[in-house]
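Open the structure in your viewer and get ready to click along. Could you walk me through the pockets in this protein, one selection at a time?

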Amino acid sequence: VIKNFKSLKDVEINLGQLTLLAGINSSGKSSIIQVLLLIKENMNTLKNLNSQNYSVLHDIGINTLLNKGEFAELGNKKQWLSYDSSDDNISFTLNNDNTSLKMLIETKEQFDLKESKGNNELLTVFDDDCFCYLKTDRALPSNDFPYSEEKVTQGAIGVKGEYTAHYLSTHLRQALKIKALKHPKSLTEHLMENVSMWLQEISKGVSVSTTPYPELQRVALSYQYEYGGNTTANFSPLNVGFGLTYVLPVIVAILKAKTGDLVIIENPESHLHPKGQSKIAQLFAIAAHNGVQIIVETHSDHFLNGLRVATKNEIIKPTESQIYYCYKEDGELNTKVQNINIDAEGKMNDWPVGFFDEWDNQLDKLLW
């Protein structure tokens, strides 16, 4: 439950194993994700507030709200409070069955964390070994990428996927933690082989390889193509399709996940052709069905339809996915959310105006 945060004056989201956030630009989708990132950024403070005296923490400054860090970068705090809020506090409440955790932010003075009350166990999903977030603006194609023993040891690939090449070079033969994510054509459960196989759903015959250079603190990334029983020499990411390198962290984030992890990915469909977008949705559906909680912000009807097909093919259960359409009424500032469900046949129970309907709108103009 989110109250008084930006355009989210009073919004309740029931997260599924796979949750899709859709809607036009500036409709509130990113703000929902920002709430989770803010919790991640302030997790240790929340735990301390839950177990110690607020006034003592205030005196030593431990409850100061972090609004800029590795995960969250939310700008001016004074712009957070909903424009027509009826009080001066922002609150986030996490609920799970019969337990909850409430985070309260006071906005009159310093935008400090005023209190955190509830079950700290709800914060465990934000621990470093369970949490993965990929921003929309991921690392661009390059001959080489950053090297970080610290991040890779933690199991991280970076919020832009910048450490993906290093992660792959270190864990190339690591067995998939979720066996169901093994690609049907893969001969092993090794991470690197399965990454290449899922990449082949994007570009036929491609495989990926890495070469670490610890002395330079860089890792080279390259691609090869199989053709007629032969294999090409290595190609730099600068000389293959842009979409391959852009989607690589997305595939790795899912394949490295384990049951109980929380994975948040913005626009996984970026720079992919329609079939590739649908295949990525299938990969997400497999992971979600096997216990990975995934939150996706998307503008792709192909990703949505890929999820619908995966539901019809019983890759994921209808009850395991949640779709939220974020919108604002004409003349209003506050976000409203509409929950849309997929049934066992892949059909939608509703199709509101503005929800992935532009294809039909334009087609009508052409026909009539």
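Here is a short tour of two pockets in this model, which is predicted.

**Stop 1: the largest pocket**

Begin by selecting Ile 13, Leu 15, Leu 94, Asn 95 and Gln 293. Among the 26 residues that line the largest pocket, these five lie nearest its centre. The pocket has a volume of about 690 Å³.

Next, colour helix 1 (29-41), strand 4 (89-96) and strand 13 (293-297): each of these elements gives two or more residues to the lining of the largest pocket. Which element gives the most to this lining? Strand 4 does, with 5 residues.

Now try colouring the lining by residue type. You should find 16 nonpolar, 8 polar and 2 charged residues around the largest pocket.

**Stop 2: the second largest pocket**

Move on to the second largest pocket, with a volume of about 330 Å³. To find its centre, select Lys 40, Glu 70, Phe 71, Asp 128 and Gln 154, the closest to that point of the 19 lining residues.

Keep helix 1 coloured, and add helix 2 (43-51), strand 7 (131-134) and helix 4 (149-154). Each of these four gives two or more residues to the lining of the second largest pocket. Strand 7 gives the most here, with 3 residues.

How do the residues of this lining divide by type? There are 8 nonpolar, 5 polar and 6 charged ones.

**Last stop: helix 1**

Finish by selecting helix 1 alone. Helix 1 gives two or more residues to the lining of the largest pocket, and also two or more to that of the second largest.

Terms used
Residues are numbered from 1 along each chain as its sequence is written. This is a predicted model: local features need pLDDT of at least 70, side-chain atom pairs count only at pLDDT 80 or more; totals for chains, interfaces and linings use all residues. Side-chain values use heavy atoms; hydrogens and water are left out. On a 1 Å grid over the protein atoms alone, a cavity is a set of points where a 1.4 Å probe fits but cannot get out, and a pocket is an open set with protein on both sides within 12 Å along at least five of seven lines; lining residues have an atom within 4 Å of a point. Grid points are joined across faces, edges and corners, and a volume is the space filled by probe spheres set on the points. Ala, Val, Leu, Ile, Met, Phe, Trp, Tyr, Cys and Pro count as nonpolar, Asp, Glu, Lys and Arg as charged, and the others, Gly among them, as polar.
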